[in-house]
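Here is a short tour for anyone meeting this structure for the first time. Keep the 3D view open and follow along.

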Amino acid sequence: MEFWRRTMAKKIFSCVLAALLASAVYAKQVVMLRDDGALRKDNKKGGAEWAMNIAVGTEFEWDGSTVFLTDVNNSNKPNTEFYKVKYQGEEYFVRKTEAIDLDDKRIGVITTTATLFDKARPSSFRNAFLDPATFVVIGQSEAPYGIGFSEVYFWDSSAWTVKKRYVQETKLSYSEANIKAVRFITHALSLKDKEMKKNYIEKALDVVEDGSIREFIQAEMDKVAGTVEEIGAVSVKIKTGNGDNLNVRAEPVDGEVIETVVDGASGYATKKSSIVSKIDGIEENWYYVEFAGDVKAGWLFGGYLDFSQE
């Protein structure tokens with residue numbers, strides 16, 4: 001009996017030790033900076049293939065190493081560097097251009113529009129900014145000339161990679177509530193379904209603490225929900241600038257296309273939506289326009305309407 005007990009004790013000890021060693025291997029963390037960034041699986045042929053998409057701010061266990069594999073979903077690009085991570089108990093690979101490790105770093109968010117700097121000094125400013133409610137990972141801080149700067153890592157959608165710059169410390173928040181709100185709003189902005197988008201924006205509004213971030217989130221809610229103002233009957237003419245026909249929609253922005261009208265057609269704008277869109281570099285509201293004859297009335301982007309009619 002004593003021998004059996006000693007044998008069982010050794011087996012239990014071995015299992016516990018193995019579990020501790022396994023957890024120690026993945027003792028570090030990596031965080032996703034790209035919303036809908038990809039987790040990939042080893043295809044056993046020297047490549048990494050897409051497995052699932054992950055929301056911005058998702059954290060993974062990391063073994064501290066990177067590996068070079070062929071990115072099967074990126075034109076079989078060879079020698080692509082990946083973090084080797086664990087997520088929900090399974091091993092995956094995350095492209096290093098989409099995420100960042102949290103060694104000597106912490107998660108934060110931008111509160112108000114933040115100028116980007118190449119270095120931790122005022123003279124190194126760039127003609128570039130980060131918007132409020134941007135999810136960032138924050139590194140070292142410096143205070144030259146008494147001005148606090150922090151190193152930040154963020155997803156640059158125009159360059160399609162993670163970038164490192166500096167911002168003033170006063171533009172940052174480390175609040176868990178604000179970080180959670182930014183995760184919600186960032187995911188919301190990637191969604192096409194209107195109801196799902198509203199749901200995530202509402203979640204963000206429920207938890208956010210910072211006033212400037214709240215204003216940003218509320219503005220996004222206004223774009224989705226919108227209010228409608230009766231404006232009488234204002235004479236307008238379709239003016240696309242290139243002679244193309246213009247879609248008439250059942251609702252502003254992405255409503256069903258119910259009609260098309262020719263460039264130069266005249267009608268009357270009777271309602272104005274609070275929703276503002278930016279199309280072809282033009283920011284304008286949406287208007288409900290009624291036309292003569294059998295042409296269906298509906299919503300049109302104000303940037304293609306000429307209101308200078310007599």
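## A buried charged pair

Let's start with K105, which makes a salt bridge with D101, their closest N and O atoms being 2.9 Å apart. Both K105 and D101 are buried. One thing to keep in mind as you look around: this is a predicted model.

## More salt bridges

How many salt bridges does a search of the whole structure find? The count comes to 14. As background, side chains of opposite charge can pair when their charged atoms come close.

Take R183 and E59, which form a salt bridge with the closest N and O atoms 3.5 Å apart. This pair links distant parts of the chain: R183 sits in helix α2 and E59 in strand β4 (residues 59-71), 124 residues apart. Are these two buried or exposed? Neither, as it turns out: R183 is partly exposed because its relative accessible area is 24%, between the 20% and 50% cut-offs, and E59 also counts as partly exposed, with 33% relative accessibility.

D118 and R126 are another pair to look up, with side chains that meet in a salt bridge at 3.0 Å, N to O. D118 counts as partly exposed at 37% relative accessibility, and R126 does too at 32%. Salt bridges can also join up into a network, and here one links R34, R40, D71, R95 and E98.

## The largest pocket

Now for the hollows. The largest pocket has a volume of about 770 Å³. Its lining is made of 27 residues, and those nearest the centre are D131, T134, W155, D156 and S157. The elements that each give two or more residues to this lining are β10 (125-130), β12 (149-156), β13 (161-168) and α2 (176-189).

Which element gives the largest share of that lining? That would be β10, with four residues. Sorted by type, the lining residues of the largest pocket come out as 15 nonpolar, five polar and seven charged.

## The second largest pocket

The second largest pocket has a volume of about 470 Å³. It is lined by 19 residues, with K197, K223, V253, I275 and S277 the closest to its centre. At least two lining residues come from each of α3 (194-207), α4 (211-225), β18 and β19.

Here β18 supplies the largest share, five residues. The mix of types in the lining of the second largest pocket is nine nonpolar, one polar and nine charged.

## Strands that turn back

Two of the elements at that second pocket, β18 and β19, are also worth following as strands. β18 (residues 266-279) and β19 (residues 282-291) pair in the antiparallel sense over nine bridges. Look for I279, whose bridge partner in β19 is I282. The hairpin of β18 and β19 has two residues between the strands, and D280 takes a positive phi near 55° there.

Carry on along the chain and β19 pairs again, this time with β20 (residues 298-301), in the antiparallel sense over four bridges. In β20, G298 is the bridge partner of V289. β19 and β20 form a hairpin too, with six residues between them. Which residue in that turn has a positive phi of about 75°? It's G293.

Notes
Residues are numbered from 1 along each chain as its sequence is written. This is a predicted model: local features need pLDDT of at least 70, side-chain atom pairs count only at pLDDT 80 or more; totals for chains, interfaces and linings use all residues. Side-chain values use heavy atoms; hydrogens and water are left out. Two strands pair if DSSP finds at least two bridges between them. On a 1 Å grid over the protein atoms alone, a cavity is a set of points where a 1.4 Å probe fits but cannot get out, and a pocket is an open set with protein on both sides within 12 Å along at least five of seven lines; lining residues have an atom within 4 Å of a point. Grid points are joined across faces, edges and corners, and a volume is the space filled by probe spheres set on the points. Ala, Val, Leu, Ile, Met, Phe, Trp, Tyr, Cys and Pro count as nonpolar, Asp, Glu, Lys and Arg as charged, and the others, Gly among them, as polar. A salt bridge is a side-chain nitrogen of Lys or Arg within 4 Å of a carboxyl oxygen of Asp or Glu. Buried means under 20% relative accessible area, exposed over 50%, partly exposed in between (1.4 Å probe, protein chains only).
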